[in-house]
Amino acid sequence: MVEDCKCKSCGCGKMQPEQMWAMIEDQTLPFYEEVIDQQTIIRHFKPGYPEHLFKWHFDREDRVVEVLEDSDWKFQYDNEMPIPLMAGVDIKIPAGIYHRIIPGKTKLALKINKLI
């Protein structure tokens, strides 16, 4: 184990319960977004945000996500392997399906179309 580790996954026990709850309750969004219209937004992600901000979640409406530039980031549906996020990739996300983004070391831009 790494001496300075403060994670909850390696079993080192160095993270206090209060620290873990603070991470779980942290609602900081790891992106900024441009609103194009009611159905379309562009989200810009920068590297360096803490990993705990990239939480498993689901959306209330169907969405199609278009990757606008090459990156080393990944997308993952619950119980599936991660998908690389490269320019031109479109991902369909049905309402109510858990998913997450796995951060990389480059920038990421996504165009999100809500299917209302």
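Here is a short chat about reading pockets, a buried residue and aromatic pairs in a predicted model.

Visitor: Let's start with empty space. How is it found, and what volume does the largest pocket have?

Guide: Rolling a probe the size of a water molecule over the atoms shows where empty space is left. In this predicted model, the largest pocket comes out at about 510 Å³. It has 24 lining residues, and those closest to its centre are Leu29, Phe31, Arg43, Lys55 and His57.

Visitor: Which strands each supply at least two residues of that lining?

Guide: Look for β2 (40–45), β3 (62–67), β6 (90–93), β7 (99–102) and β8 (108–115). By class, the lining of the largest pocket splits into 15 nonpolar, 4 polar and 5 charged residues.

Visitor: And what lines the second largest pocket?

Guide: Find Glu51, His52, Phe54, Lys55, Trp56, Arg100, Ile101, Ile102 and Pro103. The second largest pocket holds about 170 Å³ of space, and its lining has 5 nonpolar, 1 polar and 3 charged residues.

Visitor: Now a single residue. Is glutamine 76 buried or exposed?

Guide: The cut-off for buried is under 20% relative accessible area. Glutamine 76 has 11% relative accessibility, so this residue counts as buried. You'll find glutamine 76 in strand β4 (residues 74–77).

Visitor: What does the side chain of glutamine 76 reach at 2.7 Å?

Guide: That's the backbone oxygen of glutamate 80. There's also a polar contact of 2.8 Å between the side chains of glutamine 76 and arginine 100. Leaving out residues up to four places away in sequence, glutamine 76 touches Trp56, Met81, Pro82, His99, Arg100 and Ile102.

Visitor: How do I read aromatic pairs, and how many are there in the whole structure?

Guide: A pair of aromatic rings is described by the distance of the centres and the angle of the planes. The whole structure has 6 aromatic pairs. Take phenylalanine 45 and tryptophan 73: their ring centres are 5.6 Å apart and their planes sit at 55°, so this pair is tilted. Phenylalanine 45 is in strand β2 and tryptophan 73 in the loop between β3 and β4, 28 residues apart, so to speak distant parts of the chain.

Visitor: Are those two residues buried or exposed?

Guide: Phenylalanine 45 counts as buried at 5% relative accessibility, and tryptophan 73 is buried with a relative accessible area of 1%. For another pair, try phenylalanine 58 and tyrosine 98: centres 5.1 Å apart, planes at 75°, so edge-to-face. Phenylalanine 58 counts as partly exposed at 42% relative accessibility, and tyrosine 98 counts as partly exposed at 39%.

Visitor: Which residues form one aromatic cluster?

Guide: Phe31, Phe45, Phe54 and Trp73 do.

How values were computed
Residues numbered from 1 in each chain as written. Predicted model: local features only at pLDDT ≥ 70, side-chain atom pairs only at ≥ 80, totals over all residues. Heavy atoms only, no water. 1 Å grid on protein atoms, 1.4 Å probe; cavity = no way out; pocket = protein on both sides within 12 Å on 5 of 7 lines; lining within 4 Å. Points joined across faces, edges and corners; volume = space filled by probe spheres on them. Helix = DSSP H or I, 4+ residues; strand = E, 2+ residues; numbered from the N terminus. Nonpolar A, V, L, I, M, F, W, Y, C, P; charged D, E, K, R; others polar. Buried < 20%, exposed > 50% of the residue type's maximum accessible area, 1.4 Å probe, protein only. Polar contact = N/O pair within 3.5 Å; in protein donor to acceptor, adjacent residues only side chain to side chain. Contact = heavy atoms within 4.5 Å. Phe/Tyr/Trp six-rings, centres within 6.5 Å; stacked < 30°, edge-to-face > 60°.
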